[in-house]
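Biologist: Please take a close look at one helix pair in this model, and set it beside the rest of what can be said. I would like the geometry and the residues involved.

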Amino acid sequence: MLTYIVRRLFQLIVVIFGVTIITFVIMFLIPGDPAQMLAGKSPTPGKIALIRSELGLDKPIYVQYGRFVNRLAHGDFGTSYQTDRPVSAMLKENIPYTAQLALAAVLLELIGIPLGIYSALRQYTFWDSAYTTTALIVWGIPVFVMGLFLQWTFGLKLNLLPVTGAGDLAFGIFPNSWNSFLHLILPAIAIGLVEVAYISYMQRAAMLEVIRSDYIRTARAKGLSERQVVFKHAFKNAVIPVMTIAGIDLGALMGGAIITEAVFSRPGVGQMIYSSIGARDLPVVAAGVIFSTFVYVIANLIVDLSYAWVDPRIRLEE
Amino acid sequence: MTEEVVATAGEGAMEVKPLSPWADTWRRLKKNKLALIGLVIIVIFLLVGGAQEIANLLGPHNASESDTAAQRPWWQRGYLAPYDPNGGDFHAGPAGPINPPSMKHLLGTDYLGRDVLSRALVATRISLLVGIIAVGIALAIGLSLGPISGYYGGAVDSVVMRMADIFFAFPYILFVLLIMTVLGPGFRNVFIAIGILSWAGYARLNRGSVLSVKQVEYIEAARAQGASDLRIIFRHVLPNTMAPIYVAIAMGIGGAILTESALSYLGIGMRPPDASWGSMITDYQTYFFAGQWWMLTFPSIALVVTVFGFISFGNGLRDATDPKLKE
């Protein structure tokens, strides 16, 4: 077990290196000179050169990368070209918005579990086909289309909920005021509804598979009530694989929901990275990419470990 | 999976002739109404999106096509489009350029007087091309690296799989955004970016199947006959590991269409004035909120229905090829 965790953490380091190298190379290939962009409207060549050497942009790419890794090893993400602020401070500011959204969306998508189970237990009924059809349609709705229609319905027509921004400043993973809670609802639904559809479809499939297995037949044969069969025997085995999807989703969403944040003009890690790409702000992009990758990989690791813990049949060898 | 296994596992006593894997899959797929609806949507999508190519195959160019349309690059012509998709007309209707759906313009006109139907039709071919070419690129990379990695194992396998890990862990939409920023917006770049980023899934999927297939006796037999490694991989191993890949292709095309629309929504997909469903949605959202619903609604419906078609068919295909679900 311990060797498994160590190996996975080692893989994480390899992945982080790979991801940062790719990010560096890509940011280098993007046309445009950050120093020139920072120098203002009509810069003198001297000013550009000064900025360039200040930022270390006059050095070759591997030297810049080496400096970056060195700083990173000391826990320093560097300073944003654009805002001249420490990147870690920017991250700290944006993470709560993203964390709130991710948590709300994942909590919402858990609704898919009872829906999927209910649908599976009523296979071949009208409810089941109607629900499965709806789920498949919703599954394919792009989050920005969902967002726009939610904004139109609940913002414009019903005038019930705020449609842009995040309300008050965010500090933790929970909204700290009624206002910021209201701002969270529509973006969370935009992401969550699509995921509810996906999760419930997966849950339905998992439940159908479990309910046909031998041990369920045995449970029925020994005369247990349907309620006992479903909730005591089938439920656990059917829910575990779906919970792993939710866990991985949480990891992916924690890394920033670029499109959702764009639709709702909501601050967050995704927006921070997206606006920095346009500005060639390498330190912010690199830090954002590292953060997103890190939470995603860690979420995967935690999911795998808890999967093995809940289901002893799974062995964590490969 | 050999034909014999399929036949014994899937057949009743009535039929004598063993079914080929294709026939067996079709027999099971037929029972799934949602998958069939998905298939119908896909066929309509292929016909509408590929109308230009189909017409070109059937005969020479229709003379009624306007000159301006002919001057545009081939992917922008749109054979079925009743109007020039990029040609504005400020006197499209009594109200000026913006007109709700009417007999003349079935889906209305946009703020430049462009016919929404024509734009949506041209966008259909964009989605089709992005879906097919992007998945084609991803498949070409994934189905070369996956089987080689699984077949040889060892160092080759480690390198390929660590690369796949990196591509998996890199937040997808962020990766596409970065690549698109390097390449710049435009039709070709969209499918290059999506294609080179989606190979890892196919590679990993196929590697797993190769690992299980390569131990089977007929591979041993091929080797004993002196077949080369490459021949064994691509002639004997790969064809027997394709079932999950077909499912992944259906889902992948749907996914590529979604990604393209997301990129165009963020403004770095198609280059204006070229239409794609995503760029139409981002272009028309202010008009949507102002009550001119038709511009945004129709491309949204087209996008959602098409993606539904691929997801629904893909899921049906998965169920139909899954040996565990055989009755």
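Modeller: What follows starts with chain A as a whole, moves to one helix pair in that chain, and then turns to a single residue and to a helix pair in chain B.

The model is predicted, and every value below is computed from it. Chain A holds 14 helices and zero strands. Its pattern along the sequence is accordingly a run of α elements, α-α-α-α-α-α-α-α-α-α-α-α-α-α. The C-alpha trace of chain A spans about 85 × 55 × 35 Å along its principal axes. Chain A has 318 residues, and 48% of them count as buried. Taking contacts in chain A between residues at least 6 apart in sequence, 73% join residues at least 24 apart.

The pair to look at is helix α10 (residues 214–221) and helix α11 (residues 226–254) of chain A. Two packed helices are described by the angle between their axes and the distance between the axes. For α10(A) and α11(A) the angle is about 160° and the axes are 10 Å apart. Angles over 145 degrees count as roughly antiparallel, so α10(A) is roughly antiparallel to α11(A). Their crossing is right-handed. On the α10(A) side the contact is made by A:Tyr215, A:Ile216, A:Ala219 and A:Arg220. On the α11(A) side the residues are A:Glu226, A:Val229, A:His233, A:Ala234 and A:Asn237. Sorted by class, this contact of α10(A) with α11(A) has five nonpolar, two polar and two charged residues.

Elsewhere in chain A, A:Asp304 lies in helix α14 (residues 282–310). With a relative accessible area of 25%, A:Asp304 is partly exposed, because buried means under 20% and exposed over 50%. The side chain of A:Asp304 makes a polar contact of 2.7 Å with the side chain of A:Arg8. The C-alpha atoms of A:Asp304 and A:Val69 are separated by 29 Å, with their positions 235 residues apart along the chain.

Chain B offers another helix pair, helix α6 (residues 116–152) and helix α12 (residues 229–237). They pack at an angle of about 120°, with axes 11 Å apart, and α6(B) and α12(B) are therefore oblique to each other. The crossing of α6(B) past α12(B) is right-handed. From α6(B), B:Leu143, B:Ser144, B:Pro147, B:Ile148, B:Tyr151 and B:Tyr152 meet B:Asp229, B:Ile232, B:Ile233 and B:Phe234 of α12(B). The residues of this contact of α6(B) with α12(B) comprise eight nonpolar, one polar and one charged.

Key: Residues are numbered from 1 along each chain as its sequence is written. Chains are lettered from A and ligands numbered from 1 in the order in which they are written. This is a predicted model: local features need pLDDT of at least 70, side-chain atom pairs count only at pLDDT 80 or more; totals for chains, interfaces and linings use all residues. Side-chain values use heavy atoms; hydrogens and water are left out. Helices (H or I, at least four residues) and strands (E, at least two) are DSSP runs, numbered from the N terminus. Buried means under 20% relative accessible area, exposed over 50%, partly exposed in between (1.4 Å probe, protein chains only). A polar contact is a pair of N or O atoms within 3.5 Å; within protein, one must be able to donate a hydrogen and the other to accept it, and residues adjacent in sequence count only if both atoms are side-chain atoms. Axes are lines fitted to C-alpha atoms, for helices over the stretch in contact, and angles run from 0 to 180 degrees between N-to-C directions. Angles under 35 degrees count as roughly parallel, over 145 as roughly antiparallel, 65 to 115 as roughly perpendicular and the rest as oblique. A crossing is left-handed if the near helix is turned anticlockwise from the far one by less than a right angle, and right-handed if clockwise. Contact means heavy atoms within 4.5 Å. Ala, Val, Leu, Ile, Met, Phe, Trp, Tyr, Cys and Pro count as nonpolar, Asp, Glu, Lys and Arg as charged, and the others, Gly among them, as polar.
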